[in-house]
Amino acid sequence: MDSSYLLLMFLCMVKCEWNTNDYLKREHSLMKPYTGSGLSMPFWDFLGSTVVTSNYIRLTSDLQSKSGAIWNIVPCKSRNWELQVQFKVHGHGKDLFGDGLALWYARDRMIKGPVFGSKDYFHGLAIILDTYSNHNGPHNHAHPYISAMVNNGTLYYDHDRDGTHTQLAGCEARFRNVDYDTYLAVRYENDKLTVSTDIDNKSGWKPCFTVDGVRLPTGYYFGMSATTGDLSDNHDIISVKLYELDDSSTDSVTEDRSNIQPAAQSFEPPREHVDDPKPSSMGGVKLFLLMLVGVLGVFAIIVVGIILYQKQQEKSRKRFY
Ligand SMILES: *[C@@H]1O[C@H](CO)[C@@H](O)[C@H](O)[C@H]1NC(C)=O
Ligand SMILES: *[C@@H]1O[C@H](CO)[C@@H](O)[C@H](O)[C@H]1NC(C)=O
Ligand SMILES: [Ca+2]
């Protein structure tokens with residue numbers, strides 16, 4: 001009796017184990033030990049300042065003007081997936097550090113560029129972890145900031161605005177210089193993009209944002225890149241896990257996604273695209289002048305009123321005498 005029960009449990013455990021391993025796509029994942037028998041990483045290429053050690057993959061070190069990236073060599077054929085990345089951003093800077101890193105699901109791989117170490121006018125999805133605020137004017141959020149951008153090759157990432165007028169959504173996230181592990185999850189399922197973080201040492205996912213109506217083709221590549229400029233940080237990747245998600249709800253829909261253009265239904269309403277900070281201060285001056293004119297006007301009316309009232313009083317007094 002007991003032994004058969006144990007056997008059953010054992011079989012279940014084996015099967016469950018096998019099932020979870022089936023979801024995890026080894027060819028899109030990157031875990032310790034990173035290197036195989038040689039010095040190269042199976043399934044991944046790297047470029048720029050990237051250094052592979054036994055405990056982390058450092059895209060940039062805490063030095064100025066570094067840029068590095070890793071790119072998966074196998075295109076992703078799954079339509080629905082979840083990417084989980086353990087990362088670590090740390091450095092000596094207390095108030096000044098940067099610039100940040102980006103996670104990619106992109107058509108073109110291994111191309112250096114200005115978007116956190118990778119090419120601009122890209123095709124695909126970028127999840128950007130921006131640690132430095134380039135925007136001098138009023139900001140509607142603090143940094144570090146996590147945002148998503150979908151591009152069909154026509155949009156450029158505007159660093160001067162921290163990408164805010166091309167982002168789909170974003171959230172503030174304090175992931176820098178902490179003593180515990182930090183994780184990010186990007187879930188893409190049935191055209192819904194959900195980004196979550198585990199950065200509070202709570203061992204649980206916290207939603208960052210969800211966007212519907214995101215169309216991404218299959219056959220693109222996962223990558224991670226980072227860059228430093230005048231400011232710097234260590235940008236480390238500890239692990240990458242890619243889970244293929246069950247596609248049961250869209251079984252009947254067999255749309256071929258291999259040749260579609262990346263597209264997003266809704267962009268976040270962009271902040272006013274103005275040159276800061278003059279236009280806003282001009283507005284302030286205008287408002288001030290307007291109020292001054294108003295106050296003077298009211299004052300004049302009161303004075304005239306008082307004069308008229310006094311004249312009226314004099315007249316009535318004269319009449320009485
Ligand atoms: C590319 O995206 C832009 C902006 O979202 C859009 O106006 C344009 O029609 C798109 N082009 C293609 C070929 O999908
Ligand atoms: C993180 O959580 C673990 C387990 O709860 C705890 O032991 C550790 O001290 C925490 N670390 C920090 C830096 O708060
Ligand atoms: Ca920035």
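Modeller: Donors are N, O and S atoms within 2.8 Å of the metal, or within 3.2 Å for Na, K and Ca; water is not among the atoms, so sites may look incomplete. This is a predicted model: local features need pLDDT of at least 70 and side-chain atom pairs count only at pLDDT 80 or more, while totals for chains, interfaces and linings use all residues. Residues are numbered from 1 along each chain as its sequence is written, chains are lettered from A and ligands numbered from 1 in the order in which they are written, and side-chain values use heavy atoms, with hydrogens and water left out.

Biologist: Which residues coordinate the calcium ion (ligand 3)?

Modeller: The donors follow the spacing D-x1-Y-x1-N-x27-D along the chain. Their distances are 2.2 to 2.5 Å, with Asp130 listed twice through OD and Tyr132 giving its O. The coordinating residues are Asp130, Tyr132, Asn134 and Asp162.

Biologist: How many residues apart are Asp130 and Asp162?

Modeller: Helices (H or I, at least four residues) and strands (E, at least two) are DSSP runs, numbered from the N terminus. Asp130 belongs to strand E9 (residues 123–130), whereas Asp162 sits in the loop between strand E10 (145–152) and strand E11 (169–172). The pair links distant parts of the chain, and the separation is 32 residues.

Biologist: Is Asp162 buried or exposed?

Modeller: Buried means under 20% relative accessible area, exposed over 50%, and partly exposed in between, with a 1.4 Å probe and protein chains only. Asp162 has a positive phi of about 50° although it is not a glycine. Because its relative accessibility is 3%, Asp162 counts as buried.

Biologist: Which backbone oxygen does the side chain of Thr164 reach?

Modeller: Thr164 is in the loop between E10 and E11, and its 5% relative accessibility makes it buried. A polar contact is a pair of N or O atoms within 3.5 Å; within protein, one must be able to donate a hydrogen and the other to accept it, and residues adjacent in sequence count only if both atoms are side-chain atoms. At 2.6 Å, the side chain of Thr164 reaches the backbone oxygen of Arg161.

Biologist: What share of the accessible area of ligand 2 does the protein cover?

Modeller: The residues around ligand 2, with a heavy atom within 4 Å of it, are Asp179, Tyr180 and Asn201. An oxygen atom of ligand 2 is 2.3 Å from an N or O atom in the side chain of Asn201. Accessible areas come from the Shrake-Rupley method with a 1.4 Å probe, and for residues only the protein chains shown count as cover. On its own ligand 2 has 360 Å², and the covered share is 27%.

Biologist: Which strand gives the largest share of the largest nonpolar core?

Modeller: A nonpolar core is a set of buried Ala, Val, Leu, Ile, Met, Phe, Trp, Tyr and Cys residues joined through side-chain atoms within 4.5 Å. This one has 47 residues, and Trp81 and Ile127 are among those that touch the most other members. Its largest share is 5 residues, from strand E5 (residues 81–90).

Biologist: Which peptide bond has omega near -5°?

Modeller: There is a cis bond between His143 and Pro144, but its omega is about 0°. Asp99, in the loop between E5 and strand E6 (100–106), takes part in another cis bond. The bond with omega near -5° runs from Gly98 to Asp99.
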